[in-house]
Structure formats: C-alpha cells, structure tokens
Amino acid sequence: MVVLEAKNIKKHFGGVVALSDGNLRCQRGRITGLLGANGSGKSTMSKIIAGVYRPDGGEVWYKGRVVHYRNPSEARKDGIALVFQNLSLVPDLTVWQNVVLGVEKNRGIFLDDREAKDLTRRILQDLSPDLDIYRKVYELSPGEMQIVEIAKAISEEPELLILDEPTAALEQAQVRNLFRYMRTLAGKGVAIIFTSHRLWEVMEICSDVTIFRNGATVACIDFDKEEKDPEKIVSHITGEPQRASSLEYMSEEGVYDEVLFRAEVKSMRSGERKLKEASFELRRGEILGIGGLAGQGQNELLYALAGSYPGVRCEVELEGRRMRLQRPQDAIQHGILLVPGDRQQEGLFLEHSVYNNMIFPKLGFPKHPLVIPERHYKDECESIVKLLSIKTPSVDVPVSALSGGNQQKVVVGKWLSFDVKVLLLADPAKGVDIGAKRDLYEYIVHLARKRGVGVVLYASDNEELVQYTDRLLVMYEGQIVATLNKGEISDDTITAVSMRVR
Amino acid sequence: MEVVKREKIFPVAFLRNVFLQPETSSLFMLFVLFAITAVLQKNFFEVKSIARNINSFAPLVLLAMGQAIVIISGGLDLSSGTALSLFTCVLTTVMKKGDPITGVYALVVTFLVAVGTGVVNGVGIGYLRIPPVIVTFATSYAWLGIALFLRPTPGGESVDWFKVFYNARAVEGFPDSVKLVGSYIPPALVLVLLGCLLWYVVSRTRTGRYIYAVGSNIESAYVSGIDTGKTQMFACILNAIFIFLAALFFVGQNQSGDARMGGPLTLKSIAAVVVGGIALTGGRGSVYLALVGALILGFVSKIIFFANIPNAYQTLTSGIIVIAAIAGPAYAALKREWR
Amino acid sequence: MGVETLVKEHETISYGQTLWRKLFAQYGKIVTVLLLTVILFVFGGVMVPGFLSLEQIFLTLKLSAFVALFGLCQMIVIAAGGSGLDLSVGYTATLTAVLTASVMNGQNERLWMAFLIALVLGVLVGLTNGVLTSYLKLPPLVVTLAMADILQGIVNAYVAGKAITGRPSPFLVVLAAKLTGRFPNILFVLIPVALFATFVFEKTKWGQVLFGVGANERTAYLCGVKVKRVRFLTFTLSGVFSSLIGLLLLGNMGIAFKDMGSNYVMPSIAAVVVGGVPLAGGGGSYFGVILGSIFLQTLTNLLTAFGLGDAGKWLGFGIILFAMLSVYASNRRSR
C-alpha cells in the first residue's frame with residue numbers, strides 16, 4: 001500500500017537547480033533504496049519529504065493527502081522521521097537525553113525522565129543492547145552515535161523512516177544488526193527509505209530502488225520483478241552506457257621489489273585503546289591497503305605515520321634513512337604526506353579559496369620565503385586543478401562552494417607540488433560521487449605505478465580495497481592481524497578476516 | 001597475544017580522577033580558602049561576621065549564577081554590571097521616600113525592565129545570532145545611557161521597607177518576630193536561595209535541558225526541533241532576573257542608585273564562572289559551580305584584606321590568584337588529554 | 001542556520017552565489033561601514049555647524065588612529081582563532097607610559113631607553129599571555145582580563161602615594177599630539193603601519209599561516225604548522241605593539257595617568273567587529289578595522305555634538321552599534 005508518493009518535485013537553491021523532476025514512491029512494509037551521485041538530488045529529495053526543505057514545484061502525497069511541511073517538526077508529528085548522519089546529537093547530553101531530545105514528555109511541569117529512560121532501553125534492546133544509556137554522546141564511537149540517531153528517530157514510532165547513509169560509520173556487525181532491525185520494522189508496516197553509496201548494501205536490503213541523476217528520477221527498479229543487475233544500476237547512476245565489469249585487478253607492472261619504506265609504530269601510553277602497534281614494509285610503486293572493521297585503529301595508524309598522533313612512537317626507514325616521526329613537520333618534509341579522513345574538518349579551510357588551500361602546506365616550511373610568489377603559485381595551482389579535473393570556475397572561489405568530490409581533490413591536490421614519497425590516504429573516496437572517485441583513484445594509481453610513490457590506503461568500502469590494492473593489512477583492535485596478498489583479496493575474505501572468522 | 005596491564009593502584013587512580021575534574025578541584029580550592037579565611041579572620045564564626053560575609057559575597061554570587069546560565073546556553077553577557085546599575089537607578093527613581101506603595105511599583109517596573117534587558121540581549125544572541133561578546137558590549141552602553149539619564153549622579157530615593165533586602169532589623173515597621181528571623185538569616189542569603197530555587201525549577205523543565213542542548217551544539221538542537229532563539233533568550237531573561245535580585249540587595253543596602261557602580265562586576269562574574277569550573281564554550285557544567293567560583297573570589301578578596309596586603313597590591317594579587325585558580329585545573333586537564 | 005550546513009554537505013551550490021557571499025562578507029561590510037561613516041558625517045554636517053570642517057575631520061581621524069592601532073593588536077590575536085582576544089592592551093600601554101614618563105623626563109636623549117623599556121615590557125606581558133593561553137590552554141578572555149588586573153595592580157603599586165612624574169620626550173609629543181599644518185602627525189604612524197600590516201596579512205606567509213590557523217587549526221596542524229607557537233606569537237606581538245602605543249599615548253596626553261589606556265580596550269574590539277573581521281578568526285582586513293574605528297569615533301562625536309550629555313551619547317552608541325550588528329548578522333543568514 002502506497003504511503004508516500006512524490007510527483008515531479010522541483011527545488012532550487014539560489015540559481016542552482018537541485019531537483020528538476022523528482023519522483024518517488026514508497027509502500028508500507030517495504031524498503032526503498034535511493035541511489036544517485038552527489039548532486040543528483042537524492043539527498044534533497046529525502047530532505048523535502050522530511051520537511052527540511054519546501055519544494056518549489058510538484059506535490060508530495062502522504063497517507064492519501066497532499067502535505068506541505070514548514071519544518072521537520074511538522075513532518076515528525078505526522079509520522080515521518082529522518083535519520084541524519086550524526087548531525088542531530090548533542091555531545092554533552094547522555095544517550096537517553098538525546099533519544100528524546102525535542103520531544104520530551106512531561107510529568108506535571110517537570111520532565112518525565114523515567115519514561116524517557118525506559119523508552120530508550122526498549123529501543124536499544126533490539127538495536128544495540130550493550131550500549132549504556134547513561135554515557136554522554138561525546139564519549140561514543142561514530143558507530144554508536146549513528147545507532148543513537150536511529151533510536152532517536154524510531155522513538156516516535158514513525159510510519160515512514162528515512163535513513164540517509166546510516167551505514168557510513170558502522171562496522172559490518174552493526175550493519176547486519178541494523179538490517180535485521182529494518183526488516184523487523186518493515187514487518188510492522190513501517191515504510192523505509194534507505195540511501196547508501198554502497199551498491200551491495202542497497203541490493204541486499206531494499207525491495208526496490210529509485211535512481212536519481214542530475215536532479216531527476218531516471219529509473220525505478222523493483223527487485224521483486226526484475227533481477228538485480230549492478231552494472232545496469234551503475235549505468236543509470238552515471239548515465240554512461242554499461243560496460244563490462246571493471247573490477248579487474250590492476251596490473252603488477254610498476255611495482256618494484258625494492259623496499260621504499262618500513263614503519264614501526266608502537267603505542268607508548270598504557271591506556272591506549274585505539275592503536276597498539278603495527279609494522280610493515282612498503283615497496284616502491286605499491287598500493288598497500290589497510291582494512292578491517294571500522295574504528296580498529298586504521299585512521300590512527302595513518303595519523304601516526306604522518307607524525308600527528310600523540311602518544312605513539314613511530315620509527316620509519318625511508319629510502320634507507322632511519323628517522324622518528326614525532327610531529328607533522330617531520331613527516332611532511334620527508335615526503336610522507338597525509339590526506340586525512342574528514343576533509344571538511346581536517347583537510348580544508350572551508351571559507352578560503354581553492355588557491356589558498358592549495359598553497360597552504362608550502363607556507364609552513366621554515367625555508368619558505370617571506371613574501372609569497374603569487375604569480376608562480378597561481379600557475380602551479382591552475383595546473384593541478386587541470387590535472388585532477390577539479391570542477392571550479394576559478395581558483396579564487398571559496399572551497400566550500402565545491403562538491404564533496406572536488407573538495408577531496410583539493411585536499412589531495414595541495415600535496416602534489418611536493419616531492420611525494422609516501423602517500424597516506426584515509427578513506428579518500430568517502431562520500432565522493434562515482435565520477436570523482438574514479439578520477440581520484442586513477443590519479444593515485446598513476447602516482448604509484450608511474451611515479452614510484454608508495455601508497456598506504458585505508459578505505460571503509462571493501463570494494464575499493466579489492467580493486468585498488470596490491471596487498472592488504474587487516475587491523476583489529478589496534479593491531480595488524482592479517483596480511484592478504486594479491487589473489488586473496490576479496491570482499492568475502494576481507495570481511496571474514498576482519499571479523500576474525502578466518 | 002595480549003599484554004594485560006595491571007590496573008593502577010586504586011587510591012592513586014581514584015584520587016587523580018576526583019581531583020582533576022574541574023568541578024571537584026574548584027570545590028577543593030573553596031574549602032582551602034574557606035579554611036584560610038577562618039584562620040585569618042578572628043571572629044569568622046560569629047553570627048555577625050558570617051552575616052557580613054554573606055552580604056559581601058551575595059551580589060557576585062547572584063551575578064555569577066546568572067552569567068553561568070547564559071554561558072551554558074552558548075552566550076556571554078558583558079552587560080550584567082551595567083544592567084545591575086540600571087536596575088538600581090530604575091528602582092530609586094520610581095520609589096518615593098515616605099510613600100511605601102511606590103516600593104511595590106518599583107519592584108514591578110524594575111522587574112519588567114529586567115525582563116526587557118533580557119529580551120534585548122536574547123534577541124541579539126538568539127535570533128540575530130550576533131556574537132554575544134559584541135552584542136552585549138553594545139547593550140551595555142545602552143543600559144549605561146539609560147541609567148545615566150535616570151540618575152546622572154548617584155542618588156534617588158528609597159522607601160523604608162526596602163531595607164528588608166539588606167537588613168531586616170533596620171526596617172522600623174516590621175514586627176519583632178520578623179526582625180528576629182532576619183538577624184539569623186540574612187536577606188542576602190534568602191535572595192541567593194531564591195535564585196537557586198528558580199534555577200532548580202527551570203533545570204528540571206524542558207527549557208532547562210534545552211539550555212544545555214543549545215549550548216552544547218546549536219545545530220543539533222535546531223535540527224531536533226528545538227527553538228534555539230527562544231531558548232537563548234530565556235537564558236538571558238533568567239540572567240536578568242538574577243541581576244534584578246542583586247539590584248534589590250544593593251538598593252536595600254544603600255538606598256540609592258548609581259549608574260556606574262556595576263562596571264567592575266561584569267568581568268568578575270565571568271571570572272567566577274570560569275574559576276568555578278564551567279566551560280566558557282557552553283553546554284556543560286552545573287550552575288551551582290558558579291556559586292562556588294564566586295565564593296572563591298570572595299574569599300580571595302577577604303584573604304588579601306586580612307593578610308594586610310597594602311591597598312596598592314590588592315588588584316595585583318587578585319589577578320595572579322585568578323590565573324592560578326584557572327591554571328590549576330587547566331594544567332590537570334592537559335595531562336588528562338593524553339588518554 | 002543549522003540547516004545551511006546540511007545543504008552544503010550534499011549539494012552543489014551555485015559558485016556565483018557563494019562567491020558573492022564571500023565577497024560581501026569580506027568587502028561588503030567594509031563598504032557598509034564606509035557608507036555609514038559618510039552618512040554620519042553628512043548628517044552631522046547638516047545638523048551641527050562646523051562638523052564637516054577639515055579640522056573636525058582631521059580631529060576625528062586623529063582620535064580614531066589610537067583606537068585603530070589598538071585594533072591592530074586585537075586583529076592579530078583574533079585572526080588566529082581560538083577565541084583570541086586581548087583585554088590587557090589598555091593597561092600594558094598605561095604601564096609603559098607610567099614607567100617611561102619619568103625616564104624620559106621631557107627630554108629626547110632618553111627616548112631610546114624608553115623605547116627599550118617599552119619593548120621589554122611588551123614582550124614580557126605578551127609572552128605571559130601567550131604561554132597561558134596557548135600552552136596552558138586557558139581562555140584568553142579571562143587570562144588577558146586577569147593580566148589587565150595585574151598590570152593595573154603594578155601601576156597602582158608603582159604610583160602608590162606619589163604623583164606620576166615625568167613627561168614624554170618632545171619627539172613623541174610631536175609625533176602623537178601635534179599637527180603638520182592641519183594634518184595630524186599620528187597618521188604618519190598609522191598609514192605606514194596600515195600598509196605594512198595589510199601587506200603582511202595578504203602577501204606573506206606569516207599572514208596566510210595566521211589566517212589558516214584561525215580558519216581551521218586542525219587542518220593547519222596536519223599541514224605541519226605549529227599552531228600553539230603561532231597563537232603564542234600573536235599574543236607576544238600584541239603585547240609589544242600595545243606597549244609601544246603606550247609611548248604614543250603618553251606623547252599625546254603629555255603626562256601619564258592611571259586610566260590612560262583602559263578606555264581603548266573595548267572600542268578596539270568593537271572596531272575590529274564593525275570592520276568586518278570575524279571574531280572566530282581566519283580572515284579580515286585591517287583597512288576595515290581602521291574604518292571601523294573612524295565610524296565609532298564619528299558616531300561618538302556626533303552624539304556628543306547633539307549635546308545629549310553622557311546619557312544620550314552612550315544610549316545612542318549602544319543602539320546604533322546594535323543596529324549595525326543586526327544588519328551584518330542578517331547578511332549571514334540566507335536560505
């Protein structure tokens with residue numbers, strides 16, 4: 001039974017058209033997937049349905065009538081809940097306080113805390129029974145925070161639940177829990193909209209998919225009726241004709257036997273939870289992957305290799321020279337460069353221009369001249385923009401105006417004028433649309449194979465690891481527990497080893 | 001293979017955890033200062049001097065608690081001192097000596113003025129989203145201007161019964177029973193308790209929790225459906241009420257209004273909040289910690305006074321002590337960060 | 001406002017629109033201030049005889065120059081982010097003035113010594129502020145406030161009982177107080193300082209690193225910048241500059257007195273804000289700060305000229321400042 005139907009939705013922001021023809025239909029008890037690149041309009045669609053934005057054209061039919069929500073609260077009261085990516089939790093309040101935030105019930109004139117705590121315990125029972133409801137949110141891991149977000153949305157017993165990339169921060173076990181919970185909800189008649197950049201997740205949990213491209217709905221595929229063809233879906237998303245599976249392994253050519261880089265990382269703090277110890281070798285031209293469940297120390301390892309993780313001793317040997325990396329400068333001046341995991345918080349100055357962002361790392365060098373050679377740097381900047389296909393009208397535009405993928409290219413680009421020896425990448429393609437993802441990886445592979453750069457790549461999406469790495473280190477609880485070689489790297493194996501099954 | 005680290009010896013870990021929290025360290029400091037003052041001031045435990053001490057601490061306590069509420073909600077109030085002055089001027093302008101009913105009018109009018117100042121600050125901080133430092137800087141001039149308009153020079157009139165806010169025994173018309181109670185429970189203490197009660201009630205309601213939510217992460221709060229503008233404005237109004245209570249005390253004590261008396265108290269109230277252990281960034285900390293912080297500053301002044309430090313050196317010493325007071329927990333927090 | 005973040009997360013926005021928004025954020029405010037200042041002048045010229053005279057304009061410029069110079073100290077500290085603010089600039093200047101007055105004693109010979117004392121004092125104050133805020137991570141608001149108290153205490157102690165003796169050297173008097181024809185000499189200090197400061201901010205690595213640290217300290221850190229050192233240095237610089245400004249204040253007033261500098265502190269911050277420098281750091285233009293000082297001074301003059309006395313002056317000041325800030329703020333919120 002159709003509970004929601006959005007017809008010909010239009011939405012623009014200033015001069016930009018986000019949606020020109022959005023269509024979506026959701027039925028009770030079914031999980032509908034939304035797919036599309038960044039900027040395709042799928043997120044805007046979710047937000048319009050949830051009442052965050054108001055459409056400029058078209059109609060939204062919900063439970064048989066046309067609705068116009070002025071804000072998310074109105075939609076919530078009507079039974080539509082949207083789960084954000086950790087954007088609605090208050091860090092200094094506890095789990096249970098967050099779950100009822102905004103909709104607290106009263107007993108008399110005071111808050112009914114007991115009711116709130118009971119409700120929270122009931123919901124978390126199914127979702128994540130081990131979570132202590134008294135913990136403050138700032139103490140939680142990203143995965144746990146995501147669960148609290150979901151609990152918060154569910155607490156009001158919505159009839160339509162919109163999950164906007166809920167799995168981004170979750171590990172496999174939590175994803176499975178979530179899927180199980182979603183099926184239970186669907187069984188109770190809740191309609192669910194689910195978005196993810198991971199195609200396999202959508203194919204596993206959704207009963208139908210709606211695909212967006214360039215602001216319009218281009219396809220609706222019902223998995224009950226049609227078979228699941230990933231290639232076809234990808235071609236709808238990117239608009240390019242289907243092509244044969246591109247999941248070929250990269251050729252070995254360009255990987256030399258000589259060891260470029262050896263690293264020994266060891267934690268010095270007794271209470272250290274995230275990163276305990278790791279050591280490995282890296283060959284010239286090799287792409288070494290780091291995998292495992294989320295939050296097992298992969299990011300921390302990369303920070304340590306970049307000299308920016310306090311409390312660990314990081315000793316490396318680069319091209320035969322031994323040194324200790326204690327501060328970011330140590331790593332940077334030897335060509336060990338980090339592309340951090342959170343581009344907006346750690347990789348960019350959002351309000352500064354593309355140009356300013358690109359040249360910044362150079363300025364930190366002690367030998368850098370006092371006066372900035374602007375002409376020279378502008379030229380260099382332009383050429384990097386061209387090299388990476390960064391879509392921007394000019395280099396003086398603030399970087400906040402670029403899409404996620406292009407922002408990520410700027411983060412990578414700022415290191416390109418350096419003499420890169422080892423490139424550390426912390427989930428470079430997270431939240432990046434397919435086109436930009438391809439451009440980025442193309443360049444990374446080029447750097448490795450053609451320029452002899454050693455690459456250490458952490459990706460949360462196993463597919464990226466399968467496709468682009470020569471060797472894979474799997475981490476668990478702060479240590480490397482397995483090394484997979486070329487032929488052994490598959491999603492299956494990675495997952496199994498990450499969960500210590502094999 | 002896992003290496004199991006032995007847990008640190010229980011008492012050491014326990015002590016470290018307890019003392020390095022900003023909250024407990026300020027309580028500890030208060031205790032120490034209390035002890036030192038008790039030693040230095042010979043008649044410390046006499047009823048009369050306890051009352052006198054309470055009287056000297058009360059204004060800063062009230063201002064600090066109000067300031068704490070605003071800070072927790074994500075704001076800051078640089079206008080509290082001038083607002084205090086303004087309220088004293090309004091009170092002493094409305095009241096006419098010898099006409100007791102004007103005291104009641106004064107209470108009502110000044111209360112409304114106080115709410116008004118809270119609304120103005122609240123609109124600036126909560127709705128217009130102007131950085132609090134700047135908007136309250138602007139409004140402090142406005143309050144000063146109005147205060148000067150009402151009372152170009154200190155003065156004004158006050159009714160006799162208003163003294164109840166300072167010293168119940170001084171009011172002629174009161175029955176002896178009230179005077180007796182008043183001699184044991186200083187009105188200043190009652191005012192502080194009123195303030196505490198007000199906050200207690202608010203903190204158990206939705207708005208009380210929203211004050212923390214908005215201060216902790218305003219975007220999350222907004223997206224959760226909380227009216228952030230209203231919440232911050234409410235915090236400013238609460239602050240204004242606390243300042244109002246302090247004004248009652250001052251007029252009760254001096255029977256006059258002064259447009260410039262409150263200035264120095266503003267920054268002291270902020271220092272009290274920080275010394276008490278509340279983060280300036282907002283979202284956390286108990287408001288009662290501001291009380292602790294104000295008491296700490298109060299005792300510091302007393303100690304400086306009783307230690308016979310020459311007048312000239314008093315500001316110097318108090319400045320150094322404030323820095324020491326906040327440096328201690330901060331240094332401890334630094335050590336803790338290496339988790 | 002919160003939802004705006006959601007928009008940027010996932011959607012591509014018109015480049016033109018965001019560019020315009022950034023340009024407005026940077027230059028629009030300056031244009032606004034300039035416009036408003038001109039309006040004030042014209043208004044004053046109409047309402048008050050003699051308001052628009054060259055003398056009056058130069059006088060305004062002279063008075064605002066001091067605020068603008070203190071504003072530079074604030075801008076340096078504020079631009080580095082981390083809630084940077086320096087409330088001790090006033091008393092640093094005062095203390096320097098008080099100490100050096102008796103050294104110079106109205107002669108030019110000892111000027112170099114006074115200069116040296118100012119430098120040393122400024123470095124000491126700035127260093128202390130820097131260590132406490134940057135390395136001990138204490139909130140700058142409270143630290144510089146306590147520092148101001150301490151400096152005030154030192155002034156009190158030094159002065160205890162006796163009157164402050166000494167006079168500035170004639171060079172300082174000429175530089176700070178006198179005019180060349182009708183042109184205030186202090187502008188011969190302000191203009192080169194302004195040009196040099198703007199050059200450093202925009203075209204040198206120091207300025208750009210400073211803005212980067214203010215814009216996002218984590219990103220700057222990961223690029224190898226020593227964030228703590230940068231912030232520490234900003235306070236040191238602020239201390240040195242404010243101390244040197246103390247010499248100029250002394251030259252301007254002719255004698256040193258206890259409250260010399262304290263009336264400049266809050267106006268210097270107001271000038272920075274009115275001039276469009278974000279309080280959170282990461283950007284800004286010193287030219288805007290100068291305009292902000294001029295605007296504030298003009299406003300004060302105008303209100304005084306209306307003969308409303310202190311009451312009206314401050315009330316008007318507060319109201320207009322509030323109104324201006326509302327306009328700035330409303331330009332940030334758009335959907």
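**Strands, domains and contacts in a predicted three-chain model**

Four bridges join strand β16 of chain A to β17(A), residues 321-324, and the two strands run antiparallel. Strands here are DSSP runs of E with at least two residues, helices are runs of H or I with at least four, and both are numbered from the N terminus. Two strands count as paired if DSSP finds at least two bridges between them. All of this comes from a predicted model, in which local features need pLDDT of at least 70 and side-chain atom pairs count only at pLDDT 80 or more, while totals for chains, interfaces and linings use all residues. As for labels, residues are numbered from 1 along each chain as its sequence is written, and chains are lettered from A and ligands numbered from 1 in the order in which they are written.

Back to the hairpin. Two residues sit between β16(A) and β17(A), and A:E319 has a positive phi near 50 degrees. Across the pair, A:L318 stands opposite A:R321 of β17(A). A:L318 is also the bridge partner of A:F261. That second link fits the wider pairing of β16(A) with strand β13 of chain A (residues 259-267), which is antiparallel and takes in seven bridges. Strand β16(A), residues 312-318, has two faces: A:V312, A:C314, A:V316 and A:L318 make up the covered one, and A:R313, A:E315 and A:E317 the uncovered one.

Zooming out, chain A holds 17 helices and 22 strands. Its radius of gyration, taken over C-alpha atoms, is 24 Å, close to the 23 Å that the globule rule (2.2 Å times the number of residues to the power 0.38) gives for 502 residues, so chain A is as compact as a globular protein of that length. The C-alpha trace spans about 70 × 50 × 50 Å along the principal axes of chain A. Of the 502 residues, 51% are buried. Buried means 20 or more other C-beta atoms within 10 Å of a residue's own, exposed means 12 or fewer, and partly exposed is in between, with C-beta atoms placed from the backbone. Contacts (C-beta atoms, placed from the backbone, within 7 Å) often reach far along chain A: among those with a separation of 6 or more, 70% join residues 24 or more positions apart.

An automatic or database domain assignment splits chain A into domain 1 (2-238) and domain 2 (259-498). The centres of the two domains, taken over C-alpha atoms, are 32 Å apart.

For a single residue, take A:I162, which belongs to strand β9 of chain A (residues 160-164). A:I162 is buried, with 27 other C-beta atoms within 10 Å. Leaving out residues up to four places away in sequence, A:I162 touches A:S46, A:I49, A:A50, A:A81, A:L82, A:V83 and A:I193. A:F194 lies 32 residues along the chain from A:I162, yet their C-alpha atoms are separated by 6.2 Å.

Now for the chain-to-chain contacts. Between chains B and A, 20 residues of B meet 23 of A. On the B side, α9 (206-216) and α10 (218-223) each supply at least two residues, and α9(B) gives the most, with five. That side of chain B divides into six nonpolar, seven polar and seven charged residues. Here Ala, Val, Leu, Ile, Met, Phe, Trp, Tyr, Cys and Pro count as nonpolar, Asp, Glu, Lys and Arg as charged, and the others, Gly among them, as polar.

Chains C and B also touch, with 41 residues from C and 43 from B. The largest share of the C side, 14 residues, comes from α14(C). That side of chain C has 28 nonpolar, eight polar and five charged residues.

Notes
Contact = placed C-beta atoms within 7 Å.
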